[in-house]
Amino acid sequence: MTTSKESQYYADLNAPVCQLEIRPHFELLNEQEKHYAHHISRASWYGARALLNQTTKESETIFDFIVSLFKEESTGKLVDLEKLRAASGVGEEAFQHWLQYAGQFLSNLANYKSFGDTKFIPRVSEADLEAIVKAKANQKVTELFEAVRQNIYSVTPESKNLLGYVDDGHVSNYYSENVAKKDILEVQRYLESIDVDSLNTRLFKISDSEFEVRIASAQQKEPQVHKTPEGKSVKITYGDYHETMRKVADEIQAAIKYAANDNQRQMLEKYAESFTTGSIEAHKESQKFWIKDIGPTVESNIGFIETYRDPAGIRAEWEGFVAMVNKDRTKKFGVLVDNAEKFISKLPWGVEFEKDKFNKPDFTSLEVMSFATGGIPAGINIPNYDDIRQTYGFKNVSLGNILNAKAPSEKYPFLNEQDRALFEKLKGPAFEVQVGLHELLGHGSGKLLAEQEPGKFNFDQSNPPVSPVTKKPITSWYKPGQTWGSVFKNISSSYEECRAESVALFLSTDKEALEVFGHTDSSHDVGLADDIMYIGWLSMARAGLLGLEFYDPTAKKWGQAHMMARYAIMRVLLEAGEDFVKIERNADNTDAVITLDRSKIHSVGMPAMHAFLQKLQIYKATADFEAGSALYAEMTRVPDEWKSLRDIVISHKQPRKLFVQANTVLVGDSVELREYPATVEGILQSFVERGI
């Protein structure tokens, strides 16, 4: 019998599936470009096994179970699903529930949501799933099922249904189950002192005085044993996910002869070195060549990139993508890049807190062919290495076929009827403005004041700049070896997303910025400037309200960096006063409407965002973790009396879109693209044929 405790963790019912349309862009490539895309796509997907292992101990086995269950061994194709269902004796609805869980697992590359970090379980009963397994009549499938059946269904203890610190009772396969927060900090301090980067590592505690840091690499080298100043033993071993990383490196090597230029070739050589040896320095070198590869026809990036899901904000999960450039949509981003310095000068901090030189980045609109990750973003600004960003620059990409993917069943709760009509019409163009400003001018702005090496500063240390927040000379900055992530730790990812979102919202009131995207006072065809600005601000306020879904009131923990950031901005707008933003509930407390007074965006909203954004940047720039963390904790605090409001949000939540991605295969001397239908069955077929 199903309990209410179990039902809250059920996989989404009938989650909409969107196809990432790519064929028209793929067919424009020549054979060299197709081979280049094919091998990097294969490398990206092979690396997905590292991501599975980083999330939970059971994820890789569940992945193998699902793929083996649905794979016809003799053909390597998807099994006849109706034949399997009929043989199992399971009803059509129950079987469909299992397909939906499987599709969502493969899309998230884990049994925890990539957007929210909460566990999900099948709606189909364990007995029915066992019947499906028996119908397959395959010993390997049966063994895999028995190994994970408890992990698939268990929802107790409740704390283990969240990704997070293991000593808080949560789950993270970046760490062994006996690693405490203090252990992470102590080992991290030591690793920084010997210049070992943690991005591609996991941490295991052997005993109270012994730790093992495992580095992802194809090579398995002799372990290095170190002693910390406290007398602890730290063993650094190479070869975590070594088989996976070998396959990744092999595909990267295979791509080299198809590189379009020397920058691509040298980038790939450094990728291969990094994935073979485990060297983050080699990966940093790859990013320098990547930045120099301006305007490629095929764009890609691959490696251990984002730290969102590490509770400590130190270790990065695997991702890799391959995409084709949409040249028409890229033109408008070129105009934005050309005017970036002008827009950055309008941000609420002085030149002392801005980069000495803005290195104009490549900003392209891409159509994704492959994106091996648990959740595909709408835009990207990388690399995340602060020293490279400040010295060499960065790239921005907007993912067009992600932005344009529409779910026909999508609804828009928490808006009044007048706002809803305008929201449905303009949410796409308004989101494009937000993404463009967020990636280029949000993540691309701001300086980190630092002592780069002993005695060498990137600011006048004898006459330090005056903080616009305190009106006094600054007293803190980054010390040698410190990074943004190492200082701001577990809040760094969400804090930075909040800063970038705030920059985008702030600049979306600028008529010149809106004009770059084609929105003027007379541009009815793409949206009037004032309407786009209004829907952008309303969307952000509404997103903050929706963010309550990703807050766990029992653990008092946020499960998604971007939604935590948007909630903070909503709080700023609510607290701006003068009824600028209001949330009103109906009489029986079953629904709510959020409204924003568009006539007060400039007079009330902008001053509030000016003050908030200024603090975010100054605290980040000066490594002032104490002030920055206090500000962010206050603005992301969810009052106890908002629990009923969160219940309303939960009652209206909608399933998140799933994407079915194409595969490429070598057929003789050619590369063939294989696409799949926009269904759960299409997702299953794509993974069965992907062969990772």
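1. Start with the lining of the largest cavity: Gln54, Thr55, Leu163, Ser172, Asn173, Tyr174, Arg309 and Glu317 surround that space. Keep in mind as you look that this is a predicted model. The largest cavity holds about 50 Å³ of space, and the structure has one cavity of 30 Å³ or more. By type, its lining splits into two nonpolar, four polar and two charged residues.

2. For finding your way around, use the domains. The protein is divided into domain 1 (7-17 + 57-156 + 673-690), domain 2 (167-242) and domain 3 (411-652). Note that domain 1 is written as three stretches of sequence, 7-17, 57-156 and 673-690. Between domain 2 and domain 3, the C-alpha centres are 34 Å apart.

3. Next, the second largest pocket, with about 670 Å³ of space. Its lining is made up of 32 residues, and those closest to the centre are Gln8, Glu549, Arg646, Ile650 and Lys653. Where does the second largest pocket lie relative to domain 1 and domain 3? Both domains give residues to the lining, so the pocket lies between them.

4. Which elements supply at least two residues each to the lining of that second largest pocket? They are strand S15 (551-552), strand S16 (557-558) and helix H26 (643-651). H26 gives the most, namely four residues. As for chemistry, the lining of this pocket has 12 nonpolar, eight polar and 12 charged residues.

5. Now to the annotated positions. An unreviewed UniProt entry puts the feature "binding site" at His438, His443 and Glu497. These three span 60 residues in sequence, yet no two of their C-alpha atoms are more than 8.5 Å apart, so they gather at one spot.

6. Take His438 next; you'll find this residue in helix H18. His438 is buried, because its relative accessible area is 6% and the cut-off for buried is under 20%. Setting aside neighbours within four places in sequence, His438 touches His443, Glu497, Ala500, Glu501 and Ala504. Both of the other "binding site" positions, His443 and Glu497, are thus on the contact list of His438.

7. His443 sits in the loop between H18 and strand S13 (451-453). Is His443 buried or exposed? With 10% relative accessibility, His443 counts as buried. Beyond its neighbours within four places in sequence, His443 is in contact with Asn381, Arg389, His438, Glu496, Glu497, Arg499 and Ala500. Ala500 is worth picking out, as it appears among the contacts of His438 and among those of His443.

8. UniProt, again in an unreviewed entry, places the feature "active site" at Glu439. Glu439 belongs to helix H18 (residues 417-442), the helix that also holds His438. Glu439 is buried, with a relative accessible area of 6%. Apart from neighbours within four places in sequence, Glu439 contacts Phe363, Gly379, Ile380, Asn381, Asn396, Val397 and Gly444. Asn381 is one of these contacts of Glu439, and it is also one of the contacts of His443.

9. Last, have a look at Ser493, in helix H20 (residues 492-507). Ser493 counts as buried, at 12% relative accessibility. With neighbours within four places in sequence left out, Ser493 is in contact with Thr307, Tyr308 and Ala561.

Definitions and conventions. Residues numbered from 1 in each chain as written. Predicted model: local features only at pLDDT ≥ 70, side-chain atom pairs only at ≥ 80, totals over all residues. Heavy atoms only, no water. Buried < 20%, exposed > 50% of the residue type's maximum accessible area, 1.4 Å probe, protein only. Contact = heavy atoms within 4.5 Å. 1 Å grid on protein atoms, 1.4 Å probe; cavity = no way out; pocket = protein on both sides within 12 Å on 5 of 7 lines; lining within 4 Å. Points joined across faces, edges and corners; volume = space filled by probe spheres on them. Nonpolar A, V, L, I, M, F, W, Y, C, P; charged D, E, K, R; others polar. Domains from an automatic or database assignment. UniProt positions renumbered as here; feature names shortened; annotations may be inferred.
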